[in-house]
Amino acid sequence: AGKFYQHVPTETSQATLASVSPVFAVMKFDKEGNTTYFEKKKTELYQELGLQARDLRFQHVMSIATRNNRIIMRMEFLKAVITPEFLLILDYRNLSLEHWLLNELASQLAGEGQLVTYSLPFEFRAIEAILQYWISKLQGRLNTLQPQILETLEALVDPKLLSVDRSKLHILLQNGKSLSELETDVKVFKETILEILDEEEVIEELCLSKWTDPQVFEESTSGIDHAEEMELLLENYYRQAEDLLNEARELRVLIDDSESIIFINLDSHRNVMMRLNLQLTMGTFSVSLFGLIGVAFGMNLESSLEEDPRIFWLVTGIMFLGSGLIWRRLLSFLGRHLDPPLPPHVPAVLKKSQPAAGRAEIKNSLKGETFGLSRSTLTNQ
C-alpha cells in the first residue's frame, strides 16, 4: 500500500509537467537554405537532438557551447542549435530577428551572401552568419547613439550659455545609460569569444563535420585544418568587437570631457556673478561710509555752516570723492587676490646662448625653481 501511494503522485506530477511543457516555435534551415517552420514541445525537442533540458533554457547571458556534437548559441533573444546538417532557431517571433531570418539568413546559408566560410562545412557558415548578425546589431546601436550624443553635447558645450537646458541633460543621461548597456553587451560578446579562443579543445569541438564525416576528417588531416579556420573566424569577430568597444569608450570619454567643460563654464559664470556682486557690495559700503557726513549735516543741528550756500557742494563732493577712492582701493585689493599670477619670465639670453641639447635641462631647472618658490610662497601665506 505504501508503494502504491508513493507511485501515484509521481505519475500525476509527470503528467502535469508534460502538459505544461513549453512549446517552441522552431525555424529550420538546411544546407541549401530551405526553410521549414514547426512547433514542438521542449521535452520532445531536446530528446530528438540528444540534448538535456537545461541546454534549451533561455538566458540573457551570451554563451557558445557544444553538447553531443551540437553547437548551442545563446544571445539574449536569439537561441540557435547548430548541427552538421541543419540550423534551428528557437522562438524566432521577434520583429528584427524575423526580418533577418526571412530576408538574409537563408540566402547566406545557401551561398548567395558574402560569407567567407561558404567553402567550409555548414557549421562554419551558420556560426559566421549568427556572429555577423549580432556584431551588426551592436554596430547599429552605436551608429544610432553616436549622432544623438554628439548633437546633444554640441548644444550643451557652449561658453555663451549661462544655464544648462534640463531637457538636453535628460537626453544625455538616457543616451549615456544606453551607451553603458552597449558597452556591457560588447564586453560580454568579446569575453565569450575570448574564452573559446583560450581553449583548444572547445575549438576542436566546434568543428562538427570533422568528427562526423570521414571525408572531411581526411581533408583536414591532409592540410586543411578546420580548427585553425575556426580560430581565425572567431579572432576576426573578436577584433571587430574590440574595435566597437574602443569606439564606445571614445564616446564615453567625450561625454566625460564635455561634462567637465560644462561644469567649468558654469563655474566661470558663477564666479563672474559672485565677483560682480562683491564689487557692488563694496561700492554700496563706500557710499554708505561717506554718507554718514550727509547724515550728520541733516540732523537739523544749528551751526554757522548751514548759512553758507557753498557747504552743500563741498560736503557732496567730499562724499563722492571719498567713496570713489575707497571703492577703487577695494577693487585693487580684490584684483590682487583674485587674478591669476603671471607666468615667470625666462631670460632671452639663456634661450640664445644655450645649445638645443641643454635647453631641456634649463627648462627643468627653471620649473623646479618656480615650483619651489611658489610652494614656499604658499607656505608663508
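How many bridges join S5 to S6? Keep that question in mind as you look through these close-up views of a predicted model.

**View 1. Strands S5 and S6 sit side by side as a hairpin.** Four bridges join S5 to S6, and the two strands run antiparallel. Three residues lie between S5 and S6 in this hairpin. To find one matched position, look for Ala 80, whose bridge partner in S6 is Ile 89.

**View 2. Strand S6 also pairs with strand S1.** Here five bridges join S1 to S6, and these strands too run antiparallel. Phe 29 is a handy place to start, as it stands opposite Leu 87 in S6. Another spot to look at is Lys 28, whose charged end sits over the ring of Phe 86, 4.5 Å from the ring's centre.

**View 3. Strand S6 is mostly covered.** Which way do the side chains go? In a regular strand, side chains alternate between the two faces of the sheet. In S6, Phe 86, Leu 88 and Leu 90 point one way, while Leu 87 and Ile 89 point the other way. Are these residues buried or exposed? They are all buried, and the count for S6 is five of five residues.

**View 4. Helix H2 has a buried side and a face turned away from it.** Helix H2 spans residues 42–49, and its buried residues are Lys 42, Leu 45, Tyr 46 and Leu 49. Why do they belong together on the same side of H2? They cover an arc of only 90° around the axis, which puts them on that same side. Now turn to the face away from the buried side: there you will find the exposed residues Gln 47 and Glu 48. After H2 comes Gly 50, which has a positive phi, near 70°.

**View 5. The buried residues of helix H2 pack against four strands, named here one by one.** They are strand S1 (23–30), strand S2 (35–41), strand S5 (78–82) and strand S6 (86–90). You have already met S6 as the antiparallel partner of S1 and as the antiparallel partner of S5.

**View 6. Trp 100, Tyr 133 and Trp 134 form a cluster linked by ring pairs.** The model has two aromatic pairs. In one of them, Trp 100 and Tyr 133 are stacked, with 4.1 Å from centre to centre and 20° between the planes. Trp 100 lies in helix H3 (residues 95–109) and Tyr 133 in helix H4 (residues 122–156), so this pair ties together parts that are 33 residues apart in sequence. Tyr 133 and Trp 134 form a tilted pair, at 6.5 Å centre to centre and with 55° between the planes. How buried are the three rings' residues? The relative accessible area is 3% for Trp 100, 5% for Tyr 133 and 6% for Trp 134. Trp 100 is therefore buried, and so are Tyr 133 and Trp 134.

**View 7. Residues 311–327 form a span that is 100% helix.** The same span is 0% strand, and its end C-alpha atoms lie 24 Å apart. The name for this part comes from a record: an unreviewed UniProt entry places the feature "transmembrane region" at residues 280–299 and 311–327.

Note on methods: Residues numbered from 1 in each chain as written. Predicted model: local features only at pLDDT ≥ 70, side-chain atom pairs only at ≥ 80, totals over all residues. Heavy atoms only, no water. Buried < 20%, exposed > 50% of the residue type's maximum accessible area, 1.4 Å probe, protein only. Arc of directions from axis to C-beta. Contact = heavy atoms within 4.5 Å. Pairing = 2+ DSSP bridges. Phe/Tyr/Trp six-rings, centres within 6.5 Å; stacked < 30°, edge-to-face > 60°. Lys NZ or Arg CZ within 6 Å of the ring centre and 35° of its normal. UniProt positions renumbered as here; feature names shortened; annotations may be inferred.
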